4 protein chains.
Amino acid sequence: MTAVPLVSLPESSDPTRSPRADKRERILDAAIKVFARHGYHGSRISDIAREAGIAYGLVYHYFKNKEEILASIFEQRWGVFLEALEGIASEETPAEQQLFSVAALILNAYRLRPDWVKVLVIEIQRSARFAEPGQLRAFGQFFDVVGRIIRRGQERGELRGDLDPRIACTAFVGALELSITSLVLRLVEVDDAGSGGGEYYENLARTVVDIFLHGLAAEGARA
Amino acid sequence: MTAVPLVSLPESSDPTRSPRADKRERILDAAIKVFARHGYHGSRISDIAREAGIAYGLVYHYFKNKEEILASIFEQRWGVFLEALEGIASEETPAEQQLFSVAALILNAYRLRPDWVKVLVIEIQRSARFAEPGQLRAFGQFFDVVGRIIRRGQERGELRGDLDPRIACTAFVGALELSITSLVLRLVEVDDAGSGGGEYYENLARTVVDIFLHGLAAEGARA
Amino acid sequence: MTAVPLVSLPESSDPTRSPRADKRERILDAAIKVFARHGYHGSRISDIAREAGIAYGLVYHYFKNKEEILASIFEQRWGVFLEALEGIASEETPAEQQLFSVAALILNAYRLRPDWVKVLVIEIQRSARFAEPGQLRAFGQFFDVVGRIIRRGQERGELRGDLDPRIACTAFVGALELSITSLVLRLVEVDDAGSGGGEYYENLARTVVDIFLHGLAAEGARA
Amino acid sequence: MTAVPLVSLPESSDPTRSPRADKRERILDAAIKVFARHGYHGSRISDIAREAGIAYGLVYHYFKNKEEILASIFEQRWGVFLEALEGIASEETPAEQQLFSVAALILNAYRLRPDWVKVLVIEIQRSARFAEPGQLRAFGQFFDVVGRIIRRGQERGELRGDLDPRIACTAFVGALELSITSLVLRLVEVDDAGSGGGEYYENLARTVVDIFLHGLAAEGARA
DNA sequence: CATGAATGAGAATTCATTCAT
DNA sequence: GATGAATGAATTCTCATTCAT
């Protein structure tokens, strides 16, 4: 199996950026951490500032208010993620390979930046701004891309054509999503913590894709 | 296929209960609605009271404080759900049938009481009390039960034995979960809105179980 | 000269009012005092609350925010004042008598409730709401009424017809206004403080009306 | 009638001044504008800086703090005004002529620099420093000078001696003051806006002095 | 001189919780 | 029980002032 395409997920500031953009970024990084821990409403600006190592008043030099911080997180992080996803979808590889890449992308994003994913998934959908069409459409794009992969696989005869691709899409993403959530929430024990979780995630991606493609039923059980 | 075991999900108050228990229940119902909409931290006691149609001071006759409301929600609603789940697991039916029952249980719970599920899944894990072992164990119980169904299926040779049952379990539940979330968030268009969504949910459950058991890959594609 | 019509200027709460209205009134009374002393922007909600003898949080039970307090002051106090003014204008007495009544009304209002006048005149015109047509119109009404008195006097031949009634109106009111301001600011010494200032104000009203009607020029000096 | 002595009211910087004094002046000009619009407390240093077209940090090179800006405004602007007033009072012309000159001075000051007058009259009296004897005395000087003109006119027999000169003084100034305020607030319609308001102000000064000296009462109406 | 990032005291506002009625 | 007035701690947000560049 080919190398898994990884998203580049910069956290520390890029030295080529302007100092202003850099500080903005530091605040966003801090905000993501704090929001992931306590939720948007449960987080105080002062928590974010402390996490970023700055005075809280400074936050207001860079962001109009708390809500704008959340919106900025969404715009920046989601874009990074969606771009990587589009890259996978545009490859000319079999559906199975593409789905594995998507799984790896999602799992790696969650493994490397669990806070990003938590905030993107949980907080944003509850914010007032999320009601705006722009944001919802952004989420929809995600399903569009995965749905496109599945539909193309159906057209090529690689995937069963008798199943609704939209359901297949959400089932696939949901399987990945909860797999990682349960890891994050420690509902499942991971043994190889020493390896940074990498092996477990590798196995997880393979297993989920395997189940998703070939089913959990024993050989010859297909109805 | 046998009848789907449904959880009884009472919302309006049971007339056999004491007036006190009745009022308590009304507050919990209201709190679930409000928490689901704005999150725990984003909800005010006065919002809950207004939703329940009572004065906000009265809330404190029935609950010590805001946090206790959340804890009560968890205890009551989760218990109802887990009990139904145990019922399914203890049946002596094939794994496929059991998994379909679980899917129907979860989907129906989400369909009929989406607020319950949102609060149980999103809010509780973030509350302070959730850190307490009791609550975490409760969530774990859920995975335990589904895991047990899968393991038993593997032992009986109905399900593939080469896959980690814990991963299979979370993948299965996650597939169901996001399928409904995307419905709730309107990320997916449902055509038969006229039927109250019942048909779509029926099909959804069947499709998810189908994919989960037999895979999305086209016939003969199993590696 | 007939008795001077006085405005009834209740400050202490009317016992026939509801307790709620009563408390609201107490807050408005306190706010007027504080605004008059430090200006709207220079006043803190906590100052108002302390002056009213309540916790500052309670202010927000009765008013949405600070600005609404100012608006309420305007609506209530200005109405009281304008009503008294209309009463004078509708009398069938000579212009001289009416103008004296107006002078007495304004001076008494200022003498008895200097804070009302300061806030109505100085703060309101600077508030954002004042830009709204409604408020400006309210101020305009005041000039309308006094202007009407003067015009009627001109028509009856009691007052000179060769002078712009609008200018006469503002000159008259301005004369009264600064007379009292200088008192309030202690730019002028008042001797009979013992009498509560009543005599001085009586003389002031008479003198201003005298100058305004008959001029300061010595006998026979009219050009 | 002789020429009206006008105050020279420089706004743009005097090129003979040092660059430092020039920048200081620009800040003061900006501050006056902003204070007149929103009041001292309602104005931010950054508003002043933006109005002056400089960085807000620079304000602190020229002024110790916000309050010193207000004090500087008072010292400079008030001195200019008082000097012109003294010039009028020291002339050996009839009281009527002097009063007309004073009216013209005040009206022109208001017409040309309404912001100056607003700030001098409204803000300064409320500032902490105003409580200091120096500032209060400064205001008193104004009344002293006008009072001196009136008293001299009384002594010469040009003005009635039976009226309190202090009251006459404040009434006169107040008449002028409100006449212009009502213009500024657009409470009165001015027709000749095309002429820059000059004609209206000319007429206004004449009318106010006329009323003030000869009264509004119709011929022969003096009691 | 000039700039604007950085700081943090201070004020407005919110809302959980208490309590008199 | 029921109500909503009252309290004040906690939080968001503002802005005067300082200071590194």
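User: Before turning to Y56(D), how is a polar contact defined, and what does Y56(D) reach on DNA strand E?

Analyst: A polar contact is a pair of N or O atoms within 3.5 Å; within protein, one must be able to donate a hydrogen and the other to accept it, and residues adjacent in sequence count only if both atoms are side-chain atoms. In this predicted model, a polar side-chain atom of Y56(D) is placed 2.9 Å from a base nitrogen of DNA strand E.

User: What conventions apply to the numbering and to the values?

Analyst: Residues are numbered from 1 along each chain as its sequence is written, while chains are lettered from A and ligands numbered from 1 in the order in which they are written. Because the model is predicted, local features need pLDDT of at least 70 and side-chain atom pairs count only at pLDDT 80 or more, whereas totals for chains, interfaces and linings use all residues; side-chain values use heavy atoms, with hydrogens and water left out.

User: Which phosphate contacts does chain B make with DNA strand E?

Analyst: R44(B) has a polar side-chain atom 2.9 Å from a phosphate oxygen of DNA strand E. For Y60(B), an N or O atom of the side chain is 3.1 Å from a phosphate oxygen of that strand.

User: Which residues come nearest to DNA strand E?

Analyst: A residue is near a strand if one of its heavy atoms lies within 4 Å of it. There are 31 residues around DNA strand E, and K23(A), Y62(A), I45(B), K23(D) and Y56(D) come nearest. Of the strand atoms within 4 Å of the protein, 65% belong to sugar or phosphate and the rest to bases.

User: Which element gives the most to that surface, and how do its residues divide by class?

Analyst: Helices (H or I, at least four residues) are DSSP runs, numbered from the N terminus. Helix 3 of chain A gives the most to the surface near DNA strand E, with 5 residues. For classes, Ala, Val, Leu, Ile, Met, Phe, Trp, Tyr, Cys and Pro count as nonpolar, Asp, Glu, Lys and Arg as charged, and the others, Gly among them, as polar. The surface near DNA strand E has 15 nonpolar, 8 polar and 8 charged residues.

User: What is found around DNA strand F?

Analyst: Of the 31 residues around DNA strand F, those that come nearest are Y56(B), K23(C), A55(C), Y62(C) and I45(D). Sugar and phosphate make up 64% of the atoms of DNA strand F within 4 Å of the protein. Helix 3 of chain C supplies the largest share of this surface, 5 residues.

User: Which atoms of chain B approach phosphate oxygens of DNA strand F?

Analyst: K23(B) places a polar side-chain atom 2.9 Å from a phosphate oxygen, and Y62(B) has a side-chain N or O atom at 2.9 Å from a phosphate oxygen. A55(B) uses a polar backbone atom, 3.2 Å from a phosphate oxygen.

User: How should the interface of chain B and chain A be read?

Analyst: Contact means heavy atoms within 4.5 Å; here it takes 54 residues from chain B and 53 residues from chain A. Buried area is the accessible area (1.4 Å probe) that two parts lose on being put together, summed over both. Between these chains it is about 5,000 Å², with carbon and sulfur atoms giving 65%. R126(B), I167(B) and L216(B) supply 15% of the area that chain B buries against chain A, more than any other three residues.

User: How many salt bridges cross this interface?

Analyst: A salt bridge is a side-chain nitrogen of Lys or Arg within 4 Å of a carboxyl oxygen of Asp or Glu. The rule finds 2 across the interface of chain B and chain A, including D210(A) with R160(B), whose closest N and O atoms are 2.9 Å apart.

Key. Helix = DSSP H or I, 4+ residues; strand = E, 2+ residues; numbered from the N terminus.
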